[in-house]
Amino acid sequence: MPRPSPGRTPWARLAALVLVLVLPLSATACSSGSDPEAAPERLSRGDDRATLASHPVQTRTTIHRVFGRLPDARRKVVRRQVGEVVDRWWDAAYLGGTYPRSSFPSAFPGFTKGAEARARSDKALLTNQTGGRRIDSVEARHRSVSLDILATGKQARSVTAHVVLRFDTAGDKTGTTVVRGRLFLVRKRGAWRIFGYDVSKGARR
Amino acid sequence: MTGFVTRARVVRGVRAAALAAVLAVTALVVPQGAVQPTEMSLVKIRHAQGVSVGDDVVWILAVGSDARPGEDMTRSRGDALQMVGINTRTGSATAIGVPRDSWVSIPGHGREKINSALYFSGPRGMAGAMRNLVGIEPDYVMVTRFPFFEDMVDDIGGITVTNPRRFYDPYLKKEGFRKGRIHLGGYDAMAFSRIRKGLVGGDFDRSANQQRTLRGIHARIRAQADRPGFIERGVMTVMEHMATNADPGELYELAQAVAQVDPRRITTCVVRGRVGFVGAASVVFPDVAQARRLGRDARSDAALRRC
């Protein structure tokens, strides 16, 4: 009488399936523990980056609320202009340029002169300067801007921009960084300029 | 027999599956940091804030007008007088209080009580009188009246002040204010800032109470500044109810600067003086030397070392 093959019973099939699921996890854990550079996650992240590189994340700028009266056409202009100001900072401070690098000499376009001076002393947070030498590439994952607009006389007078930027870094400093907070803008010399900020930055490795 | 063997294999299969499931769950639940120290750990969160509104230090003359309904509040007497400095570079702030009956030189009007400078010459005249006394020319003058002040305090949810002594007023606050940390709504904040007769130090203690009120307002603004729209609503309210030489954009800048002041870096002093009479009028002869010293001390950094 032929013995029933263990793989043919439902329980055995389940056991085999679970083992198939478990073994790669164990293997991954072991290989990462002994040689972090060879961790399979890194390779898969690289694949994600390659995919996203052809579809870069766009900034989503929305208006949360307008205090005062502002015609729709002007709301759209403010949304576009302030979105561009935030984008220019993000690109100069975190996303753009070549890596690795340690110098961020023009990281604050769109800031007032005084705010730029303040921001320079907070470069560790407001740019990628601290880890820039250990970063090979940066890829944005999420970019969003939400605006509170103050308007009088049908003109926008000030904007609070609530911003969230999330990006992945590759290289020795691999991980995900989130920059979140508020930027304060007023119009100076015909353009929206950042005169203040309240920003936090966190990194997950 | 065959049935027994089959059942035994099934049992072994179940055990194996259970063990595998436990291992699988363990692999998923145990933090990967145990075997992958560089993965999935929150490394660091840092925070930075800064505001620049032109010069590092901005001076605002805050005036509480005693205008009654129907009166122009910028052409009435200034009852509460506080010269407020904000240092946007260091996050410090200061308030120099001046008793309203201080006998001072008012530009173009000779010597009068300082509270009449608003009546004679408007906000600009009041700024000139304060400059003559303290030696600081304010960048902005903001004048408000009691009803708006009460509404504003109510709008921000009331304030908490530290009251150094119990006091009361038979007209404004019969039951009085107890000593200690007390929460004040709009009316009580107004009464707390206006009452003079129940205070041993009279006008000087009242000015100090106004500074306690300012600290309470600042604490509320700072606590809520990151709520979307809080600052914008505040600026709209100020524009509606206050007379000021600041435009909406400047008000917004000032509000953000106020929100970033560090409460541990707030210093306050009241200009001292001697109570006397000019004719039949009771006045305060201010200690001009002290007032000038306070001005010199705080002008460049909005910080007072001593009163």
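## Helices across the sheet

In this predicted model, helix α3 (residues 146-155) of chain B lies across β2 and β7 of chain B, at about 95 degrees to β7(B). Helix α2 (residues 116-134) of chain B lies across β2, β3, β4 (93-97), β7 (140-145) and β12 of chain B, and runs at about 135 degrees to β2(B). Angles run from 0 to 180 degrees between N-to-C directions, with axes fitted to C-alpha atoms, for helices over the stretch in contact. Helices (H or I, at least four residues) and strands (E, at least two) are DSSP runs, numbered from the N terminus.

## The six-stranded sheet

Let's turn to the strands. An open sheet with mixed pairing follows the order β12-β7-β2-β3-β4-β13 in chain B. Its edges are β12 (243-244) and β13 (266-270) of chain B, each pairing on one side only; two strands pair if DSSP finds at least two bridges between them.

Within chain B, β2 (residues 57-65) and β3 (residues 78-87) are antiparallel partners over nine bridges. Ala62(B) has Gln82(B) as its bridge partner in β3(B).

## Chain B as a whole

Chain B contains eight helices and 15 strands. Of its 307 residues, 43% count as buried, meaning 20 or more other C-beta atoms within 10 Å of the residue's own, against 12 or fewer for exposed and partly exposed in between, with C-beta atoms placed from the backbone.

## A look at Arg274(B)

Arg274(B) sits in strand β14 (residues 273-278) of chain B. Arg274(B) is exposed because 10 other C-beta atoms lie within 10 Å.

## Conventions

Residues are numbered from 1 along each chain as its sequence is written, while chains are lettered from A and ligands numbered from 1 in the order in which they are written. Local features need pLDDT of at least 70 and side-chain atom pairs count only at pLDDT 80 or more, whereas totals for chains, interfaces and linings use all residues.

Technical notes. Two residues are in contact if their C-beta atoms, placed from the backbone, lie within 7 Å.
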